[in-house]
Structure formats: structure tokens, C-alpha cells
Amino acid sequence: MQAAGNGWGNGLLGVVIFSGSLPATRVAVGGFSATFLTSARAVIAALLGAALLALLHQQRPARKDLASLAIVSMGVVIGFPLLTALALKHITSAHSIVFVGLLPLATAIFAVLRGGERPRPLFWLFSIVGSATVAGFALSGGGAGSLTGDLLMVAAILLCGLGYAEGATLSRRLGGWQVISWALILALPLMLPVAILSLPPTWDGIGAPAWIGLAYVSVFSMFVGFVFWYRGLALGGTASVGQLQQVQPFLGLALAGLVLHEPVAWSMIAATALVVVCVAFARRFA
């Protein structure tokens, strides 16, 4: 029970940090290309992870773990950041954030396929109801959308769910912050050249908000948030703690309204209440 409580506490803190990711990305793509933003955030976070690994004298992962680390890199270091940055060229952050509510279902599915977890049938019922609530909210007018942006977000969610589930399994052996650090380092030989090749032709005209957005997604979204998130998934169970992601869209919507002044539908309150109920029951039957 204590481990489960610690898992949910760490997971919730990770969700709070992640909730600012899409608004920060929306701001950052106003000054940087999607390619540079994706690669630069990965390079900055990789340097942080490498410094921490060296400072604390962590052992290298075993050869058998490299394939799983590659999946984590593909999902959360490259796939999700790049696809969401591209999506935010077509849709508002308020609209894109709601798709994050589908992450718990994607994470739970990959936890079953890759991690061997077996939630009870009622877990799936409440997980699907919560995800359907979020999807319905997105389709009902929670921000201007486009087919291209929506498809990019769906692809991003699938890759992120795979990365979350794979990273959670690895975290039980390597530790949460170690997993994201090694995944970032594994992606560094690809991300560093891409960052150099996609440097802005001029730095003039790139305002402070874009720099702040880049700093947030590099330090918090790409590194600090994963320290808490993977620890939470490892302690509390991937399928169970993963349901906290259903609250993330509404935290992000609040930030989109307050920080970016994007319109937020009044139905958010009713949808949030239903999602919280689904999260509570999903946790009980996980």
C-alpha cells in the first residue's frame, strides 16, 4: 500500500509537470522549427542526464536492455515531441491537449503487451469511458482542429504510450531517472547532428516566450518530469498509475487559457469531473 501511494504521488507530480508541455511547445514553435525544437530539447536533456549519471557513478545498462531503451527513445524522446510539434502547426494547444487523455488507454494496452500486466475487466471499462469522455470533448469543440493535426496527435499518443510502458518495465531494474537518461543518451548521436543542421538561419526575431518554451520542454518535460513519472509507474503499476494521465489534459487546458489566453470550453468542468471519477474507479480495479 505504501509503495502504491508513493507511486501515485510520484506519478501525479510527473503529470503536473507534463501538463505544461504542449502549451510550452505551442509557444516554442512560434520561434523555432519543429525539427530544431525536437532535437534541441533532446540534446539539452541528454546533457543533463549524462551529467547526473556521471556524478552518481551509475553503471551502464546491460546489452539486453538496449532494445527497450531504443523503444523508449523512439517513443518519448523523438516520436512524441516531433509529432506534437508538427501537430501544433495546425491546431491550438487547447485542442491538442485533450488528446493526451487517450494516453492512459494506450499506456495500459502496451503495459499488457510489453509488461505482462493483467488489469481486471472493470479497469478496462472505466479506462475506456474516461478516454471516450476526453475524445468526445475534443470532437465537441474544445478548440479549432484539423484532420492533419488530429492524426499527428493520435500517432504521437500511440508512440508515447509505448514509450511509457516500456520505460516503466525498465524502471523496475534500472530506476526511473536512469531510464530516461540512458534513452536520451542513446538518441544523442542522432539528435545532435539534426539540431546543428536545423539551426535557425537567424536568431533575430526569436522572442523570450519561445526561449522559455524551449527551456521548459528541455528541462522539465524531457527530463525532470520523467524522473517522477517512471518512478511512479514502477512503484504503483503502469496500468494503474497511468490513469492519472486522464487529468493531465484539463491541467493543460487551464494553462492554455491562463498563459496563452486560448478559449477553453465551459464543458471542461463537467468532463473533468467525469474523468476524475473514472480515474478513481480505474485505480480501484487495476
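**Exercise 1. Find out which helix holds L184, and whether L184 is buried or exposed.**

Let's start with the place: L184 lies in helix α9. This is a predicted model, so the values here are computed from predicted coordinates.

Next, check the accessibility. L184 has a relative accessible area of 1%. The cut-off for buried is under 20%, so L184 is buried.

Now look at who surrounds it. Leaving out residues up to four places away in sequence, L184 touches A42, A45, A46, S73, V77, M222 and F223.

Finally, look along the chain. L184 and G49 are 135 residues apart there, yet their C-alpha atoms are separated by 7.4 Å.

**Exercise 2. Describe how α9 and α10 cross, and work out which residues meet.**

Two packed helices are described by the angle between their axes and the distance between the axes. Let's collect both.

Helix α9 covers residues 176-197 and helix α10 covers residues 208-236. Their axes come within 7 Å and cross at roughly 135 degrees. That angle makes α9 and α10 oblique to each other. As for handedness, α9 passes α10 in a right-handed crossing.

Which residues meet? From α9 come G176, W177, V179, I180, S181 and L184, and from α10 come M222, F223, F226, V227, Y230 and R231. Sorted by class, this contact has nine nonpolar, two polar and one charged residues.

**Exercise 3. Do the same for α3 and α4: how do their axes cross?**

Here α4 spans residues 66-87, and its axis comes within 9 Å of the axis of α3. The two axes cross at roughly 145 degrees, and the crossing is right-handed.

On the α3 side, the contact is made by A34, T35, L37, T38, R41 and A42. On the α4 side, it is made by V77, I78, P81, L82, A85 and L86. Splitting these residues by class gives nine nonpolar, two polar and one charged.

**Exercise 4. Take R41 and decide: buried or exposed?**

First, place it: R41 is in helix α3. Then read the accessibility, which is 5% in relative terms, so R41 counts as buried.

What does R41 contact, leaving aside neighbours within four places in sequence? The list is T25, P81, L214, V217, S218, S221 and M222.

**Exercise 5. Now try H57: buried or exposed?**

H57 sits in the loop between α3 and α4. Its relative accessibility is 70%. The cut-off for exposed is over 50%, so H57 counts as exposed.

One more thing to pick up is the backbone. Phi of H57 is near 55 degrees, a positive value in a residue other than glycine.

**Exercise 6. Locate L105 and list its contacts.**

L105 is in helix α6, which runs over residues 103-115. Skipping neighbours within four places in sequence, L105 is in contact with W124, S127, I128 and S131. Its C-alpha is 9.9 Å from that of F126, a residue 21 places away in sequence.

**Exercise 7. Where is confidence highest, and where is it lowest?**

Begin with the whole protein: the average pLDDT is 84, and 91% of the residues score at least 70. Confidence is highest in helix α3 (residues 34-55), at a mean of 95. Confidence is lowest in helix α13 (residues 268-285), with a mean of 71.

A reading tip to finish: where pLDDT is low, the predicted coordinates should not be read in detail.

Methods
Residues numbered from 1 in each chain as written. Predicted model: local features only at pLDDT ≥ 70, side-chain atom pairs only at ≥ 80, totals over all residues. Heavy atoms only, no water. pLDDT = per-residue confidence, 0-100. Helix = DSSP H or I, 4+ residues; strand = E, 2+ residues; numbered from the N terminus. Axes fitted to C-alpha atoms, helices over the stretch in contact; angles between N-to-C directions. Left-handed = near helix turned anticlockwise from the far one by under 90°. Contact = heavy atoms within 4.5 Å. Nonpolar A, V, L, I, M, F, W, Y, C, P; charged D, E, K, R; others polar. Parallel < 35°, antiparallel > 145°, perpendicular 65-115°, else oblique. Buried < 20%, exposed > 50% of the residue type's maximum accessible area, 1.4 Å probe, protein only.
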